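Open your viewer, switch to a cartoon view and keep the sequence panel handy. We'll go stop by stop, with something to select each time.

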Amino acid sequence: FVVAELNNEIVGCGAIKPVSETVGEVKRMYSKFPRKKIGETVLSYLENHAFTIGYSELILETRVKNQEATQFYTKKEYKVIPNYGKYIDRPEAICFGKSLK
């Protein structure tokens, strides 16, 4: 879990949840201020840390209606993947994955 701080205020966060030995799931991504590179910084940190500890892939879920998030992940080279785990058969969910190799 990582937090982003600006002027003694927490303005973002994110975490990686283990899925398997080589796959991690991005969880709890949050940025208080859109388009201030907070989300980019948090996600970049998570990706680098995930790679360092041995993950070769990250996956995540967001809501279809959250167009800002779906555009953000697409811009960060995440590709739409089939819904997994508890998101299977949930039409409101969209899942993404990215190879860290």
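Start with the hairpin that joins β2 to β3 through four residues. Keep in mind as you click around that this is a predicted model.

**Stop 1: β2 and β3**

Select residues 9-18 for β2 and 23-31 for β3. The two strands run antiparallel and are joined by six bridges. For one pairing to zoom in on, pick I16 and look across to β3, where V26 stands opposite.

While you're on β3, show the side chains of E25 and K27. They form a salt bridge, with the closest N and O atoms 3.8 Å apart. Are these two buried or exposed? K27 counts as buried, because its relative accessibility is 16%. E25 is buried too, with a relative accessible area of 5%.

**Stop 2: back to β1**

Now select residues 2-6, which is β1. β1 forms a hairpin with β2, with two residues between the strands. Click on N7 in that turn: its phi is positive, about 50 degrees.

The pairing of β1 with β2 is antiparallel and covers five bridges. Two of the partners are easy to pick out: V2 pairs with G14, and V3 has C13 as its bridge partner.

Next, add F1, in the segment before β1. F1 counts as exposed, because its relative accessibility is 69%. Turn on the surface and colour F1, V3 and I10 together: they make a nonpolar surface patch of about 340 Å².

**Stop 3: the whole sheet**

Zoom out and show every strand. In what order do the six strands lie? The order is β1-β2-β3-β4-β6-β5, in an open sheet with mixed pairing. β1 and β5 stand at the edges with a single partner strand each, so one side of each has no neighbour in the sheet. Look along the sheet and you can follow its twist, which averages 30 degrees from one strand to the next.

Then go to the β5 edge. Select 79-81 for β5 and 93-99 for β6. These strands run antiparallel, and three bridges join them. Click V80 and you'll find F96 of β6 opposite.

Now bring in the helix by selecting residues 38-52, which is α1. α1 packs on the sheet and touches β1, β2, β3, β4 and β6. Compare the direction of α1 with that of β2: the two make about 30 degrees.

**Stop 4: charged pairs**

Side chains of opposite charge can pair when their charged atoms come close. How many salt bridges does the structure hold? There are eight, and you have already visited the one between K27 and E25.

For another, select K32 and E9, whose side chains meet at 2.2 Å, N to O. This pair links distant parts of the chain: K32 is in the loop between β3 and α1, while E9 is in strand β2, 23 residues apart. K32 counts as partly exposed, with 36% relative accessibility. E9 is also partly exposed, with a relative accessible area of 31%.

Then move to R90 and E92, which form a salt bridge with their closest N and O atoms 3.8 Å apart. Both can be found from the surface view: R90 is partly exposed at 34%, and E92 is partly exposed at 37%. Add E61 and R63 to the selection to see a network, in which salt bridges that share partners join E61, R63, R90 and E92.

**Stop 5: two loop residues with positive phi**

Two more clicks to finish. Select R35, in the loop between β3 and α1. R35 is not a glycine, yet its phi is positive, about 60 degrees. Its relative accessible area is 71%, so R35 is exposed.

Last, select D89, in the loop between β5 and β6. Phi of D89 is near 65 degrees, again a positive value in a residue other than glycine. D89 counts as exposed as well, because its relative accessibility is 75%.

Key. Residues are numbered from 1 along each chain as its sequence is written. This is a predicted model: local features need pLDDT of at least 70, side-chain atom pairs count only at pLDDT 80 or more; totals for chains, interfaces and linings use all residues. Side-chain values use heavy atoms; hydrogens and water are left out. Patches are made of residues with over 30% relative accessible area and no salt bridge: like charges are joined within 9 Å, nonpolar side chains (Val, Leu, Ile, Met, Phe, Trp, Tyr) within 5 Å. Accessible areas come from the Shrake-Rupley method with a 1.4 Å probe; for residues, only the protein chains shown count as cover. A salt bridge is a side-chain nitrogen of Lys or Arg within 4 Å of a carboxyl oxygen of Asp or Glu. Buried means under 20% relative accessible area, exposed over 50%, partly exposed in between (1.4 Å probe, protein chains only). Two strands pair if DSSP finds at least two bridges between them. Axes are lines fitted to C-alpha atoms, for helices over the stretch in contact, and angles run from 0 to 180 degrees between N-to-C directions. Contact means heavy atoms within 4.5 Å.
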